[in-house]
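Me: Could you take a close look at one part of this model for me, the place where the two chains meet? I would also like to see how that part fits into the chain around it.

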Amino acid sequence: VKFSFFHLMPYPDLPADFDEKYDASALTYPNANFDPKLGAALYARYLDELEYADKLGFDGIAVNEHHQSAYGLMPSPNLMAAALSRRTSNARIMVLGNAIGIRGNPLRVAEEIAMLDLMSGGRVDSGFVRGIGWEYFGHSINPTRSRARFDEAHDLIIKAWTSPELFSWYGANYEYRYVNIWPRPVQQPHPPIYIPGAGSTETMKFCAERKYTYMSVYAPTRIVRRWFDGYRQAAADLGYVPDPEKIAFSVPVYVADTDEQAHREARPVLEWLYRKGLKQTPQMVTPPGYMSPGSLRGVLMSGMRGLGGFSYEELLANGQAVVGSPASVTERLGELYAQLGGFGQLIGLFAIGPAAHEQIMHSAELFATEVMPALRPLGVAADAATT
Amino acid sequence: VADVGADLVPAEDFLELPGGRVHLLRGGTGEPVLFLHAAGGAGAWHPFRDPPPAAPAPPPGTPPDLDVIIAAYREATSLARFTWVPYMSDPKLERRLGRITAPTLVAAPSDDRLIPVAHARRYAQLIGGARYAEVAECGHAMYFERPVEFAELVATHLSAHSLVSHPLAESGVSR
(Lines give C-alpha, C1' and ligand atoms only; values in the text may rest on other atoms or scores of the structure.)
Protein backbone atom coordinates (compact mmCIF):
# COMPACT_ATOMS: atom_id res chain seq x y z
CA VAL A 1 0.00 0.00 0.00
CA LYS A 2 1.09 3.54 -0.70
CA PHE A 3 0.16 6.22 1.78
CA SER A 4 -0.76 9.83 1.39
CA PHE A 5 -1.49 12.64 3.77
CA PHE A 6 -4.62 14.52 2.72
CA HIS A 7 -5.19 17.99 4.12
CA LEU A 8 -8.69 19.50 3.89
CA MET A 9 -7.54 22.84 5.30
CA PRO A 10 -10.66 23.36 7.39
CA TYR A 11 -11.66 26.56 9.13
CA PRO A 12 -12.57 24.98 12.46
CA ASP A 13 -13.32 28.14 14.41
CA LEU A 14 -17.13 28.16 14.17
CA PRO A 15 -19.30 30.23 16.52
CA ALA A 16 -20.88 28.59 19.57
CA ASP A 17 -24.37 28.96 18.09
CA PHE A 18 -23.40 27.47 14.71
CA ASP A 19 -25.59 24.38 15.10
CA GLU A 20 -28.78 26.33 15.78
CA LYS A 21 -28.13 29.33 13.60
CA TYR A 22 -26.78 27.92 10.32
CA ASP A 23 -27.97 25.06 8.16
CA ALA A 24 -24.69 24.68 6.30
CA SER A 25 -20.97 25.37 6.60
CA ALA A 26 -20.82 26.40 2.95
CA LEU A 27 -22.40 28.66 0.35
CA THR A 28 -24.61 30.67 2.72
CA TYR A 29 -22.51 30.55 5.90
CA PRO A 30 -21.53 34.22 6.14
CA ASN A 31 -17.91 35.07 5.50
CA ALA A 32 -18.16 37.70 8.24
CA ASN A 33 -17.27 34.67 10.37
CA PHE A 34 -13.93 34.39 8.58
CA ASP A 35 -11.03 36.09 10.35
CA PRO A 36 -8.33 36.81 7.73
CA LYS A 37 -5.56 36.93 10.37
CA LEU A 38 -6.52 33.50 11.64
CA GLY A 39 -6.86 32.31 8.04
CA ALA A 40 -3.33 33.42 7.22
CA ALA A 41 -1.99 31.61 10.30
CA LEU A 42 -3.92 28.48 9.35
CA TYR A 43 -2.47 28.46 5.83
CA ALA A 44 1.07 28.71 7.22
CA ARG A 45 0.39 25.95 9.72
CA TYR A 46 -1.33 23.67 7.21
CA LEU A 47 1.48 23.98 4.68
CA ASP A 48 3.94 23.13 7.46
CA GLU A 49 1.94 19.98 8.18
CA LEU A 50 1.96 18.89 4.54
CA GLU A 51 5.69 19.56 4.30
CA TYR A 52 6.25 17.55 7.47
CA ALA A 53 4.36 14.63 5.93
CA ASP A 54 6.80 14.72 3.01
CA LYS A 55 9.74 14.56 5.46
CA LEU A 56 8.09 11.66 7.32
CA GLY A 57 8.07 9.58 4.16
CA PHE A 58 4.45 9.68 3.08
CA ASP A 59 4.24 8.68 -0.58
CA GLY A 60 1.91 11.56 -1.33
CA ILE A 61 0.56 14.80 0.07
CA ALA A 62 -2.88 15.80 -1.08
CA VAL A 63 -4.97 18.93 -1.46
CA ASN A 64 -8.39 19.57 -2.98
CA GLU A 65 -10.75 22.26 -4.24
CA HIS A 66 -13.76 23.74 -2.48
CA HIS A 67 -15.48 27.07 -2.69
CA GLN A 68 -17.26 29.36 -0.26
CA SER A 69 -16.91 26.93 2.60
CA ALA A 70 -15.53 26.55 6.11
CA TYR A 71 -15.13 22.84 5.36
CA GLY A 72 -12.09 23.47 3.19
CA LEU A 73 -10.20 26.68 2.50
CA MET A 74 -8.81 25.86 -0.93
CA PRO A 75 -10.68 27.51 -3.79
CA SER A 76 -7.48 26.92 -5.79
CA PRO A 77 -5.66 23.68 -4.93
CA ASN A 78 -3.12 24.44 -7.64
CA LEU A 79 -1.83 27.41 -5.64
CA MET A 80 -1.25 25.14 -2.64
CA ALA A 81 0.43 22.58 -4.87
CA ALA A 82 2.69 25.31 -6.25
CA ALA A 83 3.74 26.31 -2.74
CA LEU A 84 4.39 22.67 -1.88
CA SER A 85 6.39 22.02 -5.04
CA ARG A 86 9.26 24.20 -3.81
CA ARG A 87 9.30 23.02 -0.20
CA THR A 88 9.02 19.26 -0.60
CA SER A 89 11.22 16.83 -2.41
CA ASN A 90 9.94 13.27 -2.42
CA ALA A 91 6.21 12.97 -1.98
CA ARG A 92 3.81 12.99 -4.90
CA ILE A 93 1.85 16.23 -4.92
CA MET A 94 -1.74 15.12 -5.34
CA VAL A 95 -4.35 17.61 -6.46
CA LEU A 96 -7.57 15.70 -5.70
CA GLY A 97 -8.76 17.41 -7.60
CA ASN A 98 -9.53 20.31 -9.83
CA ALA A 99 -13.30 20.83 -10.13
CA ILE A 100 -13.30 20.94 -13.90
CA GLY A 101 -17.09 20.82 -14.08
CA ILE A 102 -17.38 24.35 -12.74
CA ARG A 103 -14.40 25.91 -14.52
CA GLY A 104 -15.24 28.43 -17.18
CA ASN A 105 -11.91 27.79 -18.90
CA PRO A 106 -10.71 24.21 -18.34
CA LEU A 107 -7.70 24.75 -20.59
CA ARG A 108 -6.29 26.74 -17.69
CA VAL A 109 -6.27 23.53 -15.63
CA ALA A 110 -4.21 21.79 -18.32
CA GLU A 111 -1.79 24.71 -18.26
CA GLU A 112 -1.49 24.91 -14.47
CA ILE A 113 -1.03 21.18 -13.95
CA ALA A 114 1.63 21.17 -16.66
CA MET A 115 3.38 24.03 -14.85
CA LEU A 116 3.16 22.15 -11.55
CA ASP A 117 4.55 19.05 -13.17
CA LEU A 118 7.63 20.95 -14.27
CA MET A 119 8.01 22.83 -10.99
CA SER A 120 7.77 19.62 -8.95
CA GLY A 121 10.01 17.51 -11.14
CA GLY A 122 7.20 15.29 -12.35
CA ARG A 123 5.64 14.68 -8.95
CA VAL A 124 2.11 15.85 -9.71
CA ASP A 125 -0.99 13.66 -9.64
CA SER A 126 -4.01 15.24 -11.25
CA GLY A 127 -7.45 14.53 -9.85
CA PHE A 128 -10.58 15.66 -11.61
CA VAL A 129 -13.88 16.22 -9.83
CA ARG A 130 -17.20 17.60 -10.96
CA GLY A 131 -17.49 20.02 -8.03
CA ILE A 132 -19.93 19.70 -5.13
CA GLY A 133 -23.58 20.59 -5.77
CA TRP A 134 -23.41 23.88 -3.89
CA GLU A 135 -20.53 25.05 -6.08
CA TYR A 136 -22.94 25.11 -9.04
CA PHE A 137 -24.92 27.73 -7.12
CA GLY A 138 -21.82 29.60 -6.05
CA HIS A 139 -20.28 29.82 -9.52
CA SER A 140 -23.55 30.05 -11.47
CA ILE A 141 -22.80 27.02 -13.58
CA ASN A 142 -25.85 25.18 -14.85
CA PRO A 143 -25.88 21.88 -12.91
CA THR A 144 -27.86 20.16 -15.65
CA ARG A 145 -24.67 20.51 -17.75
CA SER A 146 -22.40 19.15 -15.01
CA ARG A 147 -21.68 15.70 -16.41
CA ALA A 148 -21.34 16.94 -19.98
CA ARG A 149 -19.00 19.76 -18.93
CA PHE A 150 -16.87 17.39 -16.86
CA ASP A 151 -16.55 14.87 -19.70
CA GLU A 152 -15.72 17.49 -22.30
CA ALA A 153 -13.26 19.34 -20.05
CA HIS A 154 -11.52 16.04 -19.32
CA ASP A 155 -11.20 15.16 -23.01
CA LEU A 156 -9.93 18.62 -23.81
CA ILE A 157 -7.31 18.60 -21.05
CA ILE A 158 -5.98 15.16 -21.97
CA LYS A 159 -5.74 16.16 -25.61
CA ALA A 160 -4.05 19.46 -24.72
CA TRP A 161 -1.40 17.55 -22.74
CA THR A 162 -0.80 14.85 -25.33
CA SER A 163 -1.35 16.36 -28.75
CA PRO A 164 1.98 17.04 -30.43
CA GLU A 165 0.41 19.60 -32.69
CA LEU A 166 -1.90 22.55 -32.53
CA PHE A 167 -5.59 21.69 -32.69
CA SER A 168 -8.97 23.40 -32.57
CA TRP A 169 -11.72 22.41 -30.21
CA TYR A 170 -15.39 22.99 -30.92
CA GLY A 171 -17.54 21.29 -28.29
CA ALA A 172 -21.01 21.73 -26.84
CA ASN A 173 -19.54 23.48 -23.79
CA TYR A 174 -16.16 24.89 -24.74
CA GLU A 175 -14.63 26.37 -27.85
CA TYR A 176 -10.96 27.04 -28.60
CA ARG A 177 -9.61 27.96 -32.00
CA TYR A 178 -5.98 27.36 -31.00
CA VAL A 179 -4.90 24.77 -28.45
CA ASN A 180 -1.14 24.61 -28.23
CA ILE A 181 -0.11 24.63 -24.58
CA TRP A 182 3.28 25.78 -23.33
CA PRO A 183 4.67 24.23 -21.22
CA ARG A 184 3.80 20.58 -21.81
CA PRO A 185 3.93 18.22 -18.79
CA VAL A 186 7.14 16.35 -18.01
CA GLN A 187 5.37 13.09 -17.12
CA GLN A 188 4.43 11.19 -20.28
CA PRO A 189 1.94 10.80 -21.70
CA HIS A 190 0.53 12.95 -18.88
CA PRO A 191 0.35 13.07 -15.04
CA PRO A 192 -1.58 10.20 -13.41
CA ILE A 193 -5.32 10.85 -13.12
CA TYR A 194 -7.42 10.30 -9.98
CA ILE A 195 -11.20 10.28 -9.99
CA PRO A 196 -13.34 10.05 -6.86
CA GLY A 197 -16.35 7.80 -7.18
CA ALA A 198 -19.55 7.72 -5.18
CA GLY A 199 -21.38 4.79 -6.66
CA SER A 200 -21.95 5.91 -10.24
CA THR A 201 -21.41 2.99 -12.60
CA GLU A 202 -20.57 5.47 -15.37
CA THR A 203 -17.62 6.72 -13.30
CA MET A 204 -16.38 3.16 -12.61
CA LYS A 205 -16.45 2.39 -16.31
CA PHE A 206 -14.87 5.75 -17.20
CA CYS A 207 -11.94 5.03 -14.84
CA ALA A 208 -11.56 1.39 -15.82
CA GLU A 209 -11.45 2.21 -19.54
CA ARG A 210 -8.65 4.72 -19.00
CA LYS A 211 -6.88 2.90 -16.14
CA TYR A 212 -7.33 5.88 -13.85
CA THR A 213 -7.12 5.62 -10.09
CA TYR A 214 -10.56 5.27 -8.57
CA MET A 215 -10.84 6.72 -5.07
CA SER A 216 -13.55 6.45 -2.46
CA VAL A 217 -15.21 9.25 -0.54
CA TYR A 218 -16.90 9.26 2.88
CA ALA A 219 -19.09 6.18 3.08
CA PRO A 220 -19.55 3.05 5.19
CA THR A 221 -17.31 0.09 4.34
CA ARG A 222 -20.13 -2.04 2.90
CA ILE A 223 -20.89 0.71 0.36
CA VAL A 224 -17.23 1.39 -0.49
CA ARG A 225 -16.81 -2.36 -1.04
CA ARG A 226 -19.61 -2.19 -3.61
CA TRP A 227 -17.89 0.73 -5.38
CA PHE A 228 -14.49 -1.02 -5.46
CA ASP A 229 -16.09 -4.24 -6.68
CA GLY A 230 -17.86 -2.22 -9.36
CA TYR A 231 -14.54 -0.80 -10.54
CA ARG A 232 -12.91 -4.24 -10.48
CA GLN A 233 -15.84 -5.64 -12.43
CA ALA A 234 -15.66 -2.83 -14.99
CA ALA A 235 -11.96 -3.69 -15.47
CA ALA A 236 -12.77 -7.41 -15.71
CA ASP A 237 -15.35 -6.63 -18.40
CA LEU A 238 -12.54 -5.00 -20.32
CA GLY A 239 -10.37 -8.08 -19.81
CA TYR A 240 -7.86 -7.00 -17.19
CA VAL A 241 -7.18 -7.00 -13.46
CA PRO A 242 -6.53 -3.48 -12.17
CA ASP A 243 -3.19 -2.72 -10.56
CA PRO A 244 -3.92 -2.43 -6.79
CA GLU A 245 -2.57 1.12 -6.86
CA LYS A 246 -5.51 2.12 -9.04
CA ILE A 247 -7.84 1.60 -6.08
CA ALA A 248 -7.50 4.24 -3.38
CA PHE A 249 -9.31 4.07 -0.08
CA SER A 250 -9.70 7.47 1.57
CA VAL A 251 -10.58 7.68 5.24
CA PRO A 252 -10.06 10.01 8.20
CA VAL A 253 -7.20 8.73 10.37
CA TYR A 254 -6.17 9.76 13.85
CA VAL A 255 -3.29 8.15 15.76
CA ALA A 256 -2.12 8.88 19.32
CA ASP A 257 0.12 7.05 21.78
CA THR A 258 -2.72 5.10 23.37
CA ASP A 259 -6.24 4.12 22.33
CA GLU A 260 -7.67 6.07 25.22
CA GLN A 261 -5.86 9.27 24.27
CA ALA A 262 -6.62 8.84 20.58
CA HIS A 263 -10.37 8.51 21.14
CA ARG A 264 -10.46 11.37 23.60
CA GLU A 265 -8.75 13.67 21.10
CA ALA A 266 -10.35 12.38 17.91
CA ARG A 267 -13.98 12.41 19.01
CA PRO A 268 -14.46 16.20 18.80
CA VAL A 269 -12.47 16.32 15.57
CA LEU A 270 -14.62 13.72 13.82
CA GLU A 271 -17.80 15.12 15.24
CA TRP A 272 -16.77 18.51 13.85
CA LEU A 273 -16.11 16.98 10.42
CA TYR A 274 -19.35 15.03 10.10
CA ARG A 275 -21.74 17.34 11.98
CA LYS A 276 -20.37 20.79 11.18
CA GLY A 277 -17.81 20.66 8.36
CA LEU A 278 -20.06 18.49 6.21
CA LYS A 279 -23.29 20.18 7.29
CA GLN A 280 -25.25 21.02 4.16
CA THR A 281 -28.85 20.99 2.96
CA PRO A 282 -30.27 18.52 0.41
CA GLN A 283 -31.06 21.41 -1.97
CA MET A 284 -27.42 22.50 -1.90
CA VAL A 285 -26.03 19.02 -2.43
CA THR A 286 -28.37 17.98 -5.21
CA PRO A 287 -29.19 20.94 -7.45
CA PRO A 288 -31.52 20.04 -10.31
CA GLY A 289 -29.88 17.91 -12.97
CA TYR A 290 -26.65 17.39 -11.00
CA MET A 291 -27.53 13.71 -10.72
CA SER A 292 -29.19 11.58 -13.34
CA PRO A 293 -32.65 10.30 -12.34
CA GLY A 294 -31.16 6.80 -12.24
CA SER A 295 -28.35 7.80 -9.87
CA LEU A 296 -30.78 9.67 -7.63
CA ARG A 297 -32.98 6.60 -7.49
CA GLY A 298 -29.96 4.48 -6.56
CA VAL A 299 -28.95 6.83 -3.75
CA LEU A 300 -32.49 7.00 -2.36
CA MET A 301 -32.88 3.23 -2.54
CA SER A 302 -29.53 2.49 -0.86
CA GLY A 303 -30.95 4.03 2.30
CA MET A 304 -27.80 6.10 2.78
CA ARG A 305 -28.25 8.46 5.69
CA GLY A 306 -27.00 12.02 5.89
CA LEU A 307 -23.42 12.02 7.11
CA GLY A 308 -24.35 14.05 10.20
CA GLY A 309 -26.61 11.24 11.45
CA PHE A 310 -23.85 8.88 12.54
CA SER A 311 -22.57 8.71 16.11
CA TYR A 312 -18.83 8.61 16.76
CA GLU A 313 -19.04 4.91 17.56
CA GLU A 314 -20.97 4.22 14.35
CA LEU A 315 -18.40 6.12 12.29
CA LEU A 316 -15.66 3.90 13.69
CA ALA A 317 -17.68 0.71 13.27
CA ASN A 318 -18.63 1.67 9.70
CA GLY A 319 -15.03 2.27 8.69
CA GLN A 320 -15.74 5.97 8.15
CA ALA A 321 -12.85 6.84 10.45
CA VAL A 322 -9.89 4.98 11.90
CA VAL A 323 -8.71 6.00 15.37
CA GLY A 324 -6.37 4.54 17.96
CA SER A 325 -2.85 3.68 19.01
CA PRO A 326 -0.45 2.69 16.21
CA ALA A 327 -1.12 -1.00 16.94
CA SER A 328 -4.91 -0.56 16.88
CA VAL A 329 -4.85 1.53 13.72
CA THR A 330 -2.63 -1.02 12.00
CA GLU A 331 -4.97 -3.81 12.96
CA ARG A 332 -8.11 -1.90 11.96
CA LEU A 333 -6.71 -0.88 8.57
CA GLY A 334 -5.75 -4.52 7.99
CA GLU A 335 -9.37 -5.49 8.67
CA LEU A 336 -10.68 -2.82 6.34
CA TYR A 337 -8.21 -3.94 3.69
CA ALA A 338 -9.71 -7.41 3.83
CA GLN A 339 -13.31 -6.18 4.00
CA LEU A 340 -12.82 -3.96 0.96
CA GLY A 341 -11.27 -6.69 -1.15
CA GLY A 342 -7.94 -4.87 -1.06
CA PHE A 343 -6.62 -1.50 -2.17
CA GLY A 344 -3.21 -0.22 -3.19
CA GLN A 345 -3.44 3.31 -1.86
CA LEU A 346 -4.56 4.68 1.45
CA ILE A 347 -5.44 8.36 1.34
CA GLY A 348 -5.51 9.35 4.99
CA LEU A 349 -7.48 12.44 5.92
CA PHE A 350 -5.24 13.51 8.76
CA ALA A 351 -6.29 17.14 9.03
CA ILE A 352 -10.04 17.45 9.04
CA GLY A 353 -11.19 19.53 11.96
CA PRO A 354 -10.22 21.38 15.11
CA ALA A 355 -7.21 19.23 16.02
CA ALA A 356 -4.20 21.13 17.31
CA HIS A 357 -1.06 21.42 15.19
CA GLU A 358 0.92 19.27 17.62
CA GLN A 359 -1.77 16.58 17.57
CA ILE A 360 -1.78 16.33 13.79
CA MET A 361 2.03 16.30 13.59
CA HIS A 362 2.20 13.56 16.22
CA SER A 363 -0.58 11.56 14.57
CA ALA A 364 1.23 11.73 11.21
CA GLU A 365 4.55 10.81 12.83
CA LEU A 366 3.16 7.76 14.63
CA PHE A 367 1.42 6.68 11.44
CA ALA A 368 4.56 7.06 9.33
CA THR A 369 6.93 5.36 11.76
CA GLU A 370 4.73 2.56 13.11
CA VAL A 371 1.69 1.97 10.90
CA MET A 372 3.09 2.42 7.40
CA PRO A 373 5.92 -0.12 7.68
CA ALA A 374 3.50 -2.76 8.94
CA LEU A 375 0.96 -2.23 6.17
CA ARG A 376 3.27 -1.50 3.25
CA PRO A 377 3.55 -5.13 2.07
CA LEU A 378 -0.22 -5.25 1.49
CA GLY A 379 -1.77 -4.26 -1.81
CA VAL A 380 1.23 -4.49 -4.07
CA ALA A 381 0.88 -5.94 -7.55
CA ALA A 382 1.92 -9.47 -6.55
CA ASP A 383 -1.07 -10.10 -4.28
CA ALA A 384 -3.64 -8.61 -6.63
CA ALA A 385 -4.81 -12.08 -7.56
CA THR A 386 -5.62 -12.98 -3.96
CA THR A 387 -8.04 -10.11 -3.38
CA VAL B 1 -43.93 24.13 -12.51
CA ALA B 2 -46.98 24.23 -10.33
CA ASP B 3 -47.47 20.50 -10.41
CA VAL B 4 -44.27 19.51 -8.68
CA GLY B 5 -43.85 15.86 -8.06
CA ALA B 6 -45.79 13.59 -10.37
CA ASP B 7 -46.30 12.37 -13.84
CA LEU B 8 -48.55 14.84 -15.53
CA VAL B 9 -51.42 12.58 -16.43
CA PRO B 10 -54.04 14.86 -17.96
CA ALA B 11 -57.11 14.73 -15.79
CA GLU B 12 -60.54 15.91 -16.91
CA ASP B 13 -60.44 18.91 -14.63
CA PHE B 14 -61.57 22.31 -15.92
CA LEU B 15 -62.11 25.79 -14.64
CA GLU B 16 -65.19 27.14 -16.41
CA LEU B 17 -65.08 30.73 -17.69
CA PRO B 18 -67.58 32.80 -19.60
CA GLY B 19 -66.96 31.84 -23.19
CA GLY B 20 -64.33 29.21 -22.47
CA ARG B 21 -62.59 27.04 -19.98
CA VAL B 22 -59.08 26.30 -18.69
CA HIS B 23 -57.82 22.74 -18.69
CA LEU B 24 -56.10 22.04 -15.35
CA LEU B 25 -53.24 19.60 -15.05
CA ARG B 26 -52.51 18.25 -11.63
CA GLY B 27 -49.82 15.84 -10.47
CA GLY B 28 -49.43 14.21 -7.07
CA THR B 29 -51.50 15.17 -4.10
CA GLY B 30 -51.66 18.02 -1.66
CA GLU B 31 -51.46 21.76 -2.07
CA PRO B 32 -49.94 22.92 -5.38
CA VAL B 33 -46.68 24.68 -4.74
CA LEU B 34 -43.74 26.25 -6.49
CA PHE B 35 -40.20 25.34 -5.55
CA LEU B 36 -37.34 27.68 -6.24
CA HIS B 37 -33.81 26.33 -6.34
CA ALA B 38 -31.56 29.14 -5.29
CA ALA B 39 -29.36 30.27 -2.49
CA GLY B 40 -30.44 32.85 0.03
CA GLY B 41 -34.14 33.42 0.52
CA ALA B 42 -35.31 30.92 -2.05
CA GLY B 43 -34.82 27.18 -1.78
CA ALA B 44 -38.22 27.04 -0.12
CA TRP B 45 -41.75 26.04 -0.94
CA HIS B 46 -44.08 28.88 -1.80
CA PRO B 47 -47.79 28.21 -1.46
CA PHE B 48 -50.20 29.88 -3.85
CA ARG B 49 -52.12 32.73 -2.35
CA ASP B 50 -55.46 31.15 -3.14
CA PRO B 51 -54.86 27.55 -4.19
CA PRO B 52 -57.35 25.49 -6.14
CA PRO B 53 -58.86 22.63 -4.12
CA ALA B 54 -56.38 19.84 -3.38
CA ALA B 55 -56.61 16.23 -4.40
CA PRO B 56 -57.29 13.85 -1.49
CA ALA B 57 -54.28 13.25 0.77
CA PRO B 58 -52.75 9.76 0.98
CA PRO B 59 -53.47 7.78 4.16
CA PRO B 60 -51.15 8.71 7.05
CA GLY B 61 -47.98 6.68 7.28
CA THR B 62 -47.73 6.24 3.50
CA PRO B 63 -44.01 6.14 2.67
CA PRO B 64 -42.73 8.78 0.23
CA ASP B 65 -43.22 7.60 -3.33
CA LEU B 66 -39.85 7.28 -5.02
CA ASP B 67 -41.41 7.81 -8.43
CA VAL B 68 -42.94 11.06 -7.26
CA ILE B 69 -39.58 12.30 -5.96
CA ILE B 70 -37.80 11.33 -9.18
CA ALA B 71 -40.50 12.97 -11.28
CA ALA B 72 -40.22 16.17 -9.23
CA TYR B 73 -36.45 16.12 -9.73
CA ARG B 74 -36.97 15.76 -13.47
CA GLU B 75 -39.34 18.74 -13.45
CA ALA B 76 -36.84 20.87 -11.54
CA THR B 77 -34.11 19.73 -13.94
CA SER B 78 -36.13 20.81 -16.96
CA LEU B 79 -36.69 24.22 -15.43
CA ALA B 80 -33.01 24.60 -14.54
CA ARG B 81 -31.93 23.70 -18.06
CA PHE B 82 -33.60 26.87 -19.32
CA THR B 83 -33.36 29.28 -16.42
CA TRP B 84 -30.14 28.71 -14.45
CA VAL B 85 -27.97 31.27 -16.20
CA PRO B 86 -29.11 33.99 -16.30
CA TYR B 87 -31.18 32.99 -13.32
CA MET B 88 -34.86 33.32 -14.22
CA SER B 89 -34.20 36.72 -15.68
CA ASP B 90 -32.93 38.47 -18.78
CA PRO B 91 -30.50 41.33 -18.23
CA LYS B 92 -31.05 42.46 -21.84
CA LEU B 93 -34.77 42.96 -21.35
CA GLU B 94 -34.51 46.57 -20.19
CA ARG B 95 -33.40 47.83 -23.59
CA ARG B 96 -35.40 45.33 -25.62
CA LEU B 97 -38.79 46.17 -24.13
CA GLY B 98 -38.62 49.65 -25.65
CA ARG B 99 -38.68 48.11 -29.14
CA ILE B 100 -42.21 46.76 -28.72
CA THR B 101 -44.65 48.65 -30.90
CA ALA B 102 -47.80 46.53 -30.49
CA PRO B 103 -50.51 47.90 -28.19
CA THR B 104 -49.61 46.19 -24.93
CA LEU B 105 -51.40 45.27 -21.75
CA VAL B 106 -49.20 44.39 -18.75
CA ALA B 107 -51.31 42.39 -16.33
CA ALA B 108 -49.87 41.48 -12.94
CA PRO B 109 -51.14 39.76 -9.80
CA SER B 110 -51.44 42.03 -6.79
CA ASP B 111 -49.72 39.71 -4.31
CA ASP B 112 -47.07 37.83 -6.24
CA ARG B 113 -44.66 36.47 -3.64
CA LEU B 114 -42.23 35.10 -6.23
CA ILE B 115 -41.78 38.01 -8.60
CA PRO B 116 -42.31 41.45 -7.08
CA VAL B 117 -45.03 43.53 -8.74
CA ALA B 118 -42.38 46.21 -9.35
CA HIS B 119 -41.20 44.13 -12.31
CA ALA B 120 -44.57 44.34 -14.04
CA ARG B 121 -44.76 48.08 -13.43
CA ARG B 122 -41.31 48.46 -14.97
CA TYR B 123 -42.44 46.54 -18.07
CA ALA B 124 -45.35 48.94 -18.45
CA GLN B 125 -42.98 51.91 -18.11
CA LEU B 126 -40.57 50.66 -20.74
CA ILE B 127 -43.08 49.50 -23.36
CA GLY B 128 -44.34 52.53 -25.25
CA GLY B 129 -48.05 53.22 -24.60
CA ALA B 130 -48.50 50.11 -22.48
CA ARG B 131 -51.46 49.87 -20.14
CA TYR B 132 -50.93 48.40 -16.67
CA ALA B 133 -53.57 46.40 -14.84
CA GLU B 134 -53.47 44.49 -11.58
CA VAL B 135 -55.58 41.50 -10.64
CA ALA B 136 -56.59 42.00 -7.02
CA GLU B 137 -56.27 39.37 -4.31
CA CYS B 138 -54.10 37.21 -6.50
CA GLY B 139 -50.80 35.34 -6.14
CA HIS B 140 -48.18 34.28 -8.68
CA ALA B 141 -50.26 31.77 -10.65
CA MET B 142 -52.64 34.38 -11.94
CA TYR B 143 -54.23 32.33 -14.72
CA PHE B 144 -55.19 29.58 -12.30
CA GLU B 145 -55.99 31.62 -9.24
CA ARG B 146 -58.14 34.30 -10.91
CA PRO B 147 -58.91 32.91 -14.36
CA VAL B 148 -62.10 34.93 -14.84
CA GLU B 149 -60.57 38.29 -13.99
CA PHE B 150 -57.49 37.55 -16.03
CA ALA B 151 -59.45 36.36 -19.05
CA GLU B 152 -61.61 39.47 -18.92
CA LEU B 153 -58.58 41.76 -18.94
CA VAL B 154 -57.06 39.96 -21.90
CA ALA B 155 -60.30 39.71 -23.86
CA THR B 156 -61.03 43.40 -23.42
CA HIS B 157 -57.56 44.34 -24.52
CA LEU B 158 -57.60 42.13 -27.59
CA SER B 159 -61.00 43.30 -28.78
CA ALA B 160 -59.95 46.94 -28.40
CA HIS B 161 -56.93 46.43 -30.63
CA SER B 162 -57.81 44.42 -33.67
CA LEU B 163 -54.82 43.61 -35.87
CA VAL B 164 -56.16 45.44 -38.92
CA SER B 165 -55.79 48.77 -37.14
CA HIS B 166 -52.18 48.04 -36.20
CA PRO B 167 -49.60 50.33 -37.85
CA LEU B 168 -47.58 47.35 -39.08
CA ALA B 169 -50.66 45.98 -40.83
CA GLU B 170 -51.18 49.29 -42.61
CA SER B 171 -47.56 49.49 -43.71
CA GLY B 172 -47.82 46.01 -45.17
CA VAL B 173 -45.10 44.56 -42.94
CA SER B 174 -47.50 42.26 -41.19
CA ARG B 175 -48.67 39.05 -42.85
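Reply: Happy to! Let me start with the chain itself, bearing in mind that this is a predicted model. Chain A is built from 14 helices and eleven strands. Its 387 residues would give a compact globule a radius of gyration near 21 Å, and chain A agrees with that because its own value is 20 Å. Along the principal axes, the C-alpha atoms of chain A fill a box of roughly 60 × 50 × 45 Å. Buried residues account for 57% of the 387 in this chain. Among contacts in chain A with a separation of 6 or more, 76% are between residues 24 or more positions apart.

Now to the part you asked about. On the chain A side, 21 residues are in contact with 18 residues of chain B. Together the two chains bury about 1,600 Å², and carbon and sulfur atoms carry 71% of that area. Three residues stand out here: A:Pro288, A:Pro293 and A:Arg297 supply 31% of what chain A buries against chain B, more than any other three residues.

A:Arg297 deserves a second look, as its side chain also meets that of B:Asp67 in a salt bridge, with 3.0 Å from N to O. The rule finds one salt bridge across this interface. Polar contacts add to the picture, with ten residue pairs found across the interface, both partners at pLDDT 80 or more.

Which elements of chain A give two or more residues to this side? They are α5 (133-138) and α11 (293-301). The largest share, five residues, comes from α11(A). By residue type, the chain A side divides into 13 nonpolar, seven polar and one charged.

For a view of the surrounding chain, try A:Asn64, which lies in the loop between β2 (60-63) and α3 (77-87) of chain A. A:Asn64 counts as buried because its relative accessibility is 7%, under the 20% cut-off. Setting aside neighbours within four places in sequence, A:Asn64 is in contact with A:Phe6, A:His7, A:Leu8, A:Met74, A:Pro77, A:Leu96 and A:Gly97. A:Asn78 is 14 residues from A:Asn64 along the chain, and their C-alpha atoms are separated by 8.6 Å.

Technical notes. Residues are numbered from 1 along each chain as its sequence is written. Chains are lettered from A and ligands numbered from 1 in the order in which they are written. This is a predicted model: local features need pLDDT of at least 70, side-chain atom pairs count only at pLDDT 80 or more; totals for chains, interfaces and linings use all residues. Side-chain values use heavy atoms; hydrogens and water are left out. Contact means heavy atoms within 4.5 Å. Buried area is the accessible area (1.4 Å probe) that two parts lose on being put together, summed over both. A salt bridge is a side-chain nitrogen of Lys or Arg within 4 Å of a carboxyl oxygen of Asp or Glu. A polar contact is a pair of N or O atoms within 3.5 Å; within protein, one must be able to donate a hydrogen and the other to accept it, and residues adjacent in sequence count only if both atoms are side-chain atoms. Helices (H or I, at least four residues) and strands (E, at least two) are DSSP runs, numbered from the N terminus. Ala, Val, Leu, Ile, Met, Phe, Trp, Tyr, Cys and Pro count as nonpolar, Asp, Glu, Lys and Arg as charged, and the others, Gly among them, as polar. The radius of gyration is taken over C-alpha atoms; the globule rule is 2.2 Å times the number of residues to the power 0.38. Buried means under 20% relative accessible area, exposed over 50%, partly exposed in between (1.4 Å probe, protein chains only).
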